Amino acid sequence: MAFVPALIASLRREAAWLRANPWDLAMISWVPLLAVAMLWWTFSAGLPTRLPIGVMDQDRSALSRQLLRFLDATPGLQPVQSYASTAEATQALRRGEVYGVVSIAPDFAKTLKQGQAAQVTLLHNAQFGLHSSLIQRDVRTAVATLSAGLELTARHKRGESALAAQVAMEPIKTRLVTLFNPALNYEQYLAAALIPAVLHILAMTAGAWTLGRELRDRSLGDWLGPLPGWSHTTGALLGKLFWPLLALGTVATLAMLGLTWGRGWHPQGSVAWVLLALWVFLASSLAMGAFAACASRSLRMALSATGFITAPAFAFGGVGFPLQSMPVLARGWAELLPYTHYVRLQMEQLQMAAPWSNSALALMVIALAAILLIVLCVPLLMRTAKQPASWGGR
């Protein structure tokens, strides 16, 4: 059978190429490892803390200073500058020196002592969505703490017991139960989703480059021979894609184990199921790149298709923006991308602890896509091998 000899010969040929071309080897070994390490380092803090804010204390009373102490005691905030006017504070926001400015009115303490509601104004830069939401949350917490303390003190002076005062202030309590990602850990949420997206780009690029350079260098005949059959072509194709899959899959495995067990995070879902899906996902990405090269017969066109498909994959994956809120065409495009299905499986297992059977459909879709693309590549390669005039395209 021609399959096994072709597979072995292709494995040896590709291994010899990688040894002779260190930059090709780098793109599937230490470059993705470096990219993964940089992403991990970026989000290693887990949750942003000590975000710089400014203050504009126009009251300068004991109560306003107490509020500033509460703001400084909040883990997410760090008052770094005091401003004398709104114009000065606005300019600081525009220059990016601070992400928000807390303004305390001139009659803050006097208004409170008169039993009236005082006002605290937060100026924040909503262009930084994450920073803005965290600052709003922490400022509300600090103001609410001070407000509750003042109200409890006033009620206690009027003769109410502490329990009665608490019930009167909050007769209906809201109970919030965070089911998934309760610590709001962005390392577990964003880094875990971004790393497969980066490897997706590198894998499809590797698939397109591995086959495209054979066309560019007019070496397709040396690889496949003049009249390759189905089994020979299939074996040669799988042998060529084996080393990129092994290298990128190893990097992906190390990254996922490092993000979970290596960081003391033991998800209740199946890490093994995620690793299996990750390898299948990378195989699908390699097959997509190979198909782009086979279909276009041009390395340049294959790499362009790689950028078009993989670069926006994270944006359409439903991590940063919900799929349900996308327009119909955008939602349809998102559902065609393998990354959308993979990241859904990963979040179901690592974040939601869903039964593995719930994620089986996504894994089957990705696996079938990889198999279908490989099957489609074979006749395209056989046809191209018989048309040497089409080789050499850039």
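Residues 189-211 form a stretch that is 100% helix and 0% strand, with its end C-alpha atoms 35 Å apart; helices here are DSSP runs of H or I with at least four residues, strands are runs of E with at least two, and both are numbered from the N terminus. The model is predicted, with local features needing pLDDT of at least 70 and side-chain atom pairs counting only at pLDDT 80 or more, while totals for chains, interfaces and linings use all residues. Residues are numbered from 1 along each chain as its sequence is written, and side-chain values use heavy atoms, leaving out hydrogens and water.

The stretch 189-211 is among those that the unreviewed UniProt entry annotates as "transmembrane region", together with 21-43, 241-261, 273-295, 302-323 and 360-381. UniProt positions follow the numbering used here, feature names are shortened, and annotations may be inferred rather than shown by experiment. Residues 273-295 are likewise 100% helix and 0% strand, and the C-alpha atoms at the two ends lie 32 Å apart.

On a broader scale, the protein divides into domain 1 (2-44 + 185-390) and domain 2 (51-169), with bounds from an automatic or database domain assignment. A distance of 50 Å separates the C-alpha centres of the two domains.

Three helix pairs are worth a walk-through. Helix α9 (residues 186-216) and helix α11 (residues 230-259) have axes that come within 10 Å and cross at roughly 165 degrees; axes are lines fitted to C-alpha atoms, for helices over the stretch in contact, and angles run from 0 to 180 degrees between N-to-C directions. The pair is therefore roughly antiparallel, where angles under 35 degrees count as roughly parallel, over 145 as roughly antiparallel, 65 to 115 as roughly perpendicular and the rest as oblique. The crossing of α9 and α11 is right-handed, meaning that the near helix is turned clockwise from the far one by less than a right angle, with anticlockwise giving left-handed. Their contact (heavy atoms within 4.5 Å) comprises 17 nonpolar, two polar and four charged residues. In this scheme Ala, Val, Leu, Ile, Met, Phe, Trp, Tyr, Cys and Pro are nonpolar, Asp, Glu, Lys and Arg are charged, and the others, Gly among them, are polar.

Next come helix α12 (residues 271-296) and helix α13 (residues 299-310), whose axes come within 8 Å and cross at roughly 140 degrees. These two helices are therefore oblique to each other, and the crossing is right-handed. M288, A292, A293 and S296 of α12 meet M301, A302, A305 and I309 of α13, a set with seven nonpolar, one polar and no charged residues.

In the third pair, helix α15 (residues 338-350) packs against helix α16 (residues 360-385) at about 150 degrees, with the axes 9 Å apart. That angle makes α15 roughly antiparallel to α16, and the crossing is left-handed. The contact joins P338, H341, Y342 and L345 of α15 to A362, L363, V365 and I366 of α16; seven of these residues are nonpolar, one is polar and none is charged.

Finally, F314 sits in the loop between α13 and α14 (328-336). Although F314 and P196 are 118 residues apart in sequence, their C-alpha atoms are 9.2 Å apart in space. Leaving aside residues up to four places away in sequence, F314 touches L190, A193, L194, A197, V319 and Y339.
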